[in-house]
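Please examine the sequence and the model shown below. The paragraphs that follow treat the ligand site and then the sheets.

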Amino acid sequence: MRPGDVIQTKRDGGELSRAQIDAFVAAAARPDGSGWEKYHLTALLMAIYLKGMTPAETAYLTWAMAESGTRLDLSDIPGPKVDKHSTGGVGDKTSLILGPLAAACGVVVPMMSGRGLGHSGGTLDKLESIPGFTVHLTETQFRVALRKVGLGMIGQTVDIAPADKTLYALRDVTATVESIPLITASILSKKLSEGISGLVMDVKCGAGAFMKTRERARALAESLVAVGTANGLHVSALVTAMDAPLGRYVGNALEVIESIETLKGNGPADLTELSVKLAARMVELAGIADGANAEKKVRAALASGAGLEVFRKCVEQQGGDPRVIDDDSRLPRATGTVPFVTGTAGYVTAIDAEKVGIAVRVLGGGRNRAEDGIDHRVGIIVRAKPGEYVTADQTLFEVHDCGSANMSRAMAILSDAYTLGEAPPSESPLVLEELA
Ligand code: URA
C-alpha cells in the first residue's frame with residue numbers, strides 16, 4: 001500500500017479502510033522499513049485534522065494505536081479498575097485527591113499520568129515534589145501497589161501505545177494537536193492499554209483549557225464516550241470550567257500541600273467539589289454504588305480521613321516520605337515570596353488560568369519542551385478568586401520564587417491575568433455538562 005494513496009483518500013474526504021489505518025499506525029510505531037517517511041505521517045495527520053474522521057474510523061484508529069504496544073492485563077488483581085483522565089488545566093490537582101478517595105471506597109485505581117507541558121501542570125511532576133517519591137515503578141511493583149494500597153500513580157511505560165508517542169510529537173510541531181479524532185485516539189489508546197474497565201474523563205473548557213469553547217469541549221466529551229464504548233471501555237465524561245485556576249495553589253509542591261489539605265477536609269470549595277464528583281463517578285463506574293449513594297460514600301471517605309490514609313500509604317509504597325502529610329515543611333520550599341498587589345480596590349471578576357499557568361512556567365515551575373527540567377518549589381497562590389473583594393494594598397497573587405531572573409516577566413504576565421469590577425460576577429457552575 002502506497003502512503004501517498006492513503007493520504008489522497010483522506011485529503012479528498014474519503015473514509016480510511018482498516019488496512020489503511022493499520023499501515024499508518026504500524027509505520028508510526030515502527031517507522032524503519034515501513035516505507036512511510038515522517039512527511040507521509042504528517043501529511044496524513046494534517047488531512048485528518050482538516051477532513052476529520054467518522055466515529056468508526058476514530059474507534060478503529062484508537063484500537064490500532066492501543067494494539068501498537070503492550071496492554072496491561074490486571075485481571076488477576078481483585079476489584080474493579082477505574083481511572084480518571086483530565087485534558088489538562090491550571091491548579092488541577094484532583095488526581096491526588098480523587099485517586100485516594102476512590103481507592104478508599106473500594107475502587108482499584110491504576111493511574112498512569114503525564115507531565116506538565118506549556119501552561120498546564122502534570123500529576124507526575126506534582127508527585128515528584130514529594131521527597132523520595134518515584135513514578136517509575138516496574139510492572140511488578142505497580143501490581144504490588146494496586147494489591148496493597150488500591151492505588152498506583154505512575155508514568156506511562158515506554159511500551160504503551162508507541163504509535164501515539166511518534167504521532168503526538170509530530171502533531172506538536174505541525175499544528176495538528178487540536179483535532180477531536182486525533183485527541184480521542186491519543187488519550188483512549190493509552191487508557192485502553194492500562195487494563196481498566198472504566199474511565200472518568202474531565203474535559204476542561206475555557207481560557208485555561210485546550211478546548212476554549214463549550215461546543216468543542218462537548219464534542220470532545222461525546223467523542224471520548226462513543227469511542228471508549230465502541231472499544232469496550234465504560235467512559236463517563238464531565239465538561240468542567242477551566243477559566244480560573246482550580247483551588248488557589250498553582251505549582252508543584254504547592255499543589256501537593258493543597259491536595260493534602262483537601263484530603264484533611266480543609267480544601268477550597270471548588271477543588272473539593274470537583275474531586276468528590278469525579279471520584280463518585282469512578283465509584284459508580286466500578287459498580288460499587290450508584291448516583292447519590294456513590295457521592296455519599298466518597299464524602300464519608302473524605303470526612304473519616306480514609307482517603308488521606310490511602311494517600312499516606314501510596315506515598316510510602318512509592319518510596320516517598322509520608323511525614324509530608326503531617327508536616328508540609330518537609331516539601332521543597334521557595335526561597336522567598338513576593339506579593340502582587342493591584343493598587344486598586346474592587347471585586348475580582350476574572351482570573352485568567354492560562355496566564356497564571358504561564359507565569360508559573362516562566363518562574364521555572366513548568367516546561368516549554370518535554371525534555372526541560374522543572375523547579376518543584378516555585379508557584380503562585382491566588383489569594384483572591386473571582387467573586388472576592390480586594391483592597392488596593394491587599395495581595396492578589398503570592399509569588400513563590402527562588403530568585404528567578406524571570407521574576408519581572410512573571411509579574412508582567414500576572415498584571416494582565418485578572419480583572420476587577422465594581423460588583424462580583426454572577427456565579428457560574430464548575431460542572432458544565434455531564435455525559436453518560
Ligand atoms: N492529551 C493526550 O494525551 N493527547 C492529546 O492528543 C491531547 C491531550
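How far is an oxygen atom of the ligand from an N or O atom in the side chain of Lys-190? The separation is 2.6 Å. This is a predicted model, in which local features need pLDDT of at least 70 and side-chain atom pairs count only at pLDDT 80 or more, while totals for chains, interfaces and linings use all residues. Residues are numbered from 1 along each chain as its sequence is written, and side-chain values use heavy atoms, with hydrogens and water left out.

The contact of Lys-190 is accompanied by others, a polar contact being a pair of N or O atoms within 3.5 Å. In the side chain of Arg-171, an N or O atom is 2.9 Å from an oxygen atom of the ligand. For Ser-186, a polar side-chain atom lies 2.6 Å from a nitrogen atom of the ligand. Of the 240 Å² of accessible area that the ligand has on its own, the protein covers 87% (Shrake-Rupley method, 1.4 Å probe).

The residues around the ligand, each with a heavy atom within 4 Å of it, are Tyr-168, Arg-171, Ile-183, Ser-186, Ile-187, Lys-190 and Phe-210. They divide into four nonpolar, one polar and two charged, where Ile, Phe and Tyr are among the residue types counted as nonpolar, and Lys and Arg among the charged ones. Helices α8 (162-172) and α9 (180-192) each supply at least two residues of this shell, and α9 gives the most, with four. Helices are DSSP runs (H or I) of at least four residues and strands are runs (E) of at least two, numbered from the N terminus.

Attention now turns to the sheets. Strands count as paired if DSSP finds at least two bridges between them. An open sheet of four strands follows the order β6-β9-β11-β7 with antiparallel pairing. Its edge strands, β6 (249-250) and β7 (336-341), each pair on one side only. Two bridges join β6 to β9 (residues 379-382) in the antiparallel sense, and Val-250 has Ile-380 in β9 as its bridge partner. Helix α16 (residues 407-415) packs on this sheet, touching β7, β9 and β11 (395-401), with contact meaning heavy atoms within 4.5 Å. The direction of α16 makes about 35 degrees with that of β7; axes are lines fitted to C-alpha atoms, for helices over the stretch in contact, and angles run from 0 to 180 degrees between N-to-C directions.

A further open sheet, of three strands, has the order β10-β8-β12 and antiparallel pairing. Because β10 (389-390) and β12 (418-421) each have a single partner strand, one side of each is left without a neighbour in the sheet.

Key:
A polar contact is a pair of N or O atoms within 3.5 Å; within protein, one must be able to donate a hydrogen and the other to accept it, and residues adjacent in sequence count only if both atoms are side-chain atoms.
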